[in-house]
Amino acid sequence: MKLAFKKAARIVSGFIILVLLQFLSEKIIHALRLNLPPTILGMIIFALLLNFKIIPIRLVKDICTIAISVLPVLFVPLLVGITVHYHLIKNDLISILAVIILTTFITMILTAIFVDKVMEWTGKKAPENKQDVQNILPAAAKGDKIKC
């Protein structure tokens, strides 16, 4: 019972932290009149607070796990909207799909470059052969810490 209470307390405290970060990022965006979505600024602040260990990971791990597990449900309104308003987008469907595919590849390339640079800055190296990658992937799937 005590363990369940602690987990519930971590979930609630993690939720409060995430809501406060969202509130803070909205206030910063409004005060500075930035043209940036508050969620992006909130994620940047969140990543910095985690990186500098201002917020302990144990406080937000449970709520983040829950949020990731229900993430696909958040796409349901998007898909319903697409089907309801198909008549409005059917003329531009090819252009929309081209932009989605192009930006997906650009995002993948930029992410790879970013990860490569971060690994250079931190002094870590990428796995050198296929066997190393095959050993890392199962460990990462289980949530084990990976040493490069």
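# Arg-33 first, then the helices

Trainee: Arg-33, buried or exposed?

Mentor: Arg-33 counts as exposed, at 74% relative accessibility. The call holds because exposed means over 50%. Keep in mind that this is a predicted model.

Trainee: Where is the place of Arg-33?

Mentor: Arg-33 sits in the loop between H1 and H2.

Trainee: And what is phi of Arg-33?

Mentor: Near 50 degrees. That is a positive value, and Arg-33 is not a glycine. Most residues other than glycine have a negative phi.

Trainee: Where is Lys-53 found?

Mentor: Lys-53 is in the loop between H2 and H3. Phi of Lys-53 is near 60 degrees, again a positive value in a residue other than glycine.

Trainee: Why is Lys-53 called exposed?

Mentor: Lys-53 has a relative accessible area of 69%. The cut-off for exposed is over 50%, so Lys-53 passes.

Trainee: Let's zoom out. How many helices and strands are in the chain?

Mentor: Seven helices and zero strands. From the N terminus, the elements read α-α-α-α-α-α-α.

Trainee: What share of the chain counts as buried?

Mentor: The chain has 148 residues, and 11% of them count as buried.

Trainee: What about the accessible surface of the chain?

Mentor: The accessible surface is about 12,500 Å². Carbon and sulfur atoms hold 73% of that surface.

Trainee: And how much of the contacts comes from residues 24 or more positions apart?

Mentor: They make up 40% of the contacts with a separation of 6 or more.

Trainee: Now the inside. Which residues make up the largest nonpolar core?

Mentor: That core has 10 residues: Ile-17, Leu-21, Ile-29, Leu-41, Ile-45, Phe-46, Leu-49, Ile-55, Val-60 and Ile-63. H1, H2 and H3 are the elements that give two or more residues to this core. H2 has the largest share, four residues.

Trainee: Pick Leu-41. What does Leu-41 touch?

Mentor: Ser-25, Ile-28, Ile-29 and Leu-36. That leaves out residues up to four places away in sequence.

Trainee: Okay, Ser-25. Where is Ser-25 found?

Mentor: Ser-25 is in helix H1.

Trainee: Buried or exposed, that Ser-25?

Mentor: Buried. The relative accessible area of Ser-25 is 0%, and buried means under 20%, so Ser-25 makes the cut.

Trainee: What does Ser-25 touch?

Mentor: With residues up to four places away in sequence set aside, Ser-25 touches Pro-38, Leu-41, Gly-42 and Ile-45.

Trainee: How about Met-43, buried or exposed?

Mentor: Met-43 is exposed, with a relative accessible area of 52%. Met-43 is found in helix H2. The C-alpha atoms of Met-43 and Ser-25 are 8.9 Å apart. Along the chain, Met-43 and Ser-25 are 18 residues apart.

Trainee: Switching to pockets. How much space lies in the largest pocket?

Mentor: About 260 Å³. The elements that give two or more residues to its lining are helix H1 (2-32) and helix H2 (38-51).

Trainee: Which residues line the largest pocket?

Mentor: Leu-18, Leu-21, Gln-22, Thr-39, Gly-42, Met-43 and Phe-46. Four of the lining residues come from H2, the largest share.

Trainee: How does that lining divide into nonpolar, polar and charged?

Mentor: Four nonpolar, three polar and no charged residues line the largest pocket.

Trainee: And the second largest pocket, how much space lies there?

Mentor: About 200 Å³. The second largest pocket is lined by Phe-15, Leu-18, Val-19, Ile-63, Cys-64, Ala-67, Ile-68, Val-70, Leu-71 and Leu-74.

Trainee: What classes are in the lining of the second largest pocket?

Mentor: That lining has 10 nonpolar residues, with no polar and no charged ones.

Trainee: Which element gives the most to the lining of the second largest pocket?

Mentor: H3, with four residues. H1 and helix H3 (57-69) each supply at least two residues of that lining.

Trainee: Last one. Where does Ile-89 lie?

Mentor: Ile-89 lies in helix H5, residues 86-89. Outside its neighbours within four places in sequence, Ile-89 is in contact with Ile-82 and Ile-96.

Trainee: Why does Ile-89 count as partly exposed?

Mentor: Ile-89 has a relative accessible area of 25%. Buried needs under 20% and exposed needs over 50%, so Ile-89 falls in between.

Note on methods
Residues are numbered from 1 along each chain as its sequence is written. This is a predicted model: local features need pLDDT of at least 70, side-chain atom pairs count only at pLDDT 80 or more; totals for chains, interfaces and linings use all residues. Side-chain values use heavy atoms; hydrogens and water are left out. Buried means under 20% relative accessible area, exposed over 50%, partly exposed in between (1.4 Å probe, protein chains only). Contact means heavy atoms within 4.5 Å. Accessible areas come from the Shrake-Rupley method with a 1.4 Å probe; for residues, only the protein chains shown count as cover. On a 1 Å grid over the protein atoms alone, a cavity is a set of points where a 1.4 Å probe fits but cannot get out, and a pocket is an open set with protein on both sides within 12 Å along at least five of seven lines; lining residues have an atom within 4 Å of a point. Grid points are joined across faces, edges and corners, and a volume is the space filled by probe spheres set on the points. Ala, Val, Leu, Ile, Met, Phe, Trp, Tyr, Cys and Pro count as nonpolar, Asp, Glu, Lys and Arg as charged, and the others, Gly among them, as polar. A nonpolar core is a set of buried Ala, Val, Leu, Ile, Met, Phe, Trp, Tyr and Cys residues joined through side-chain atoms within 4.5 Å.
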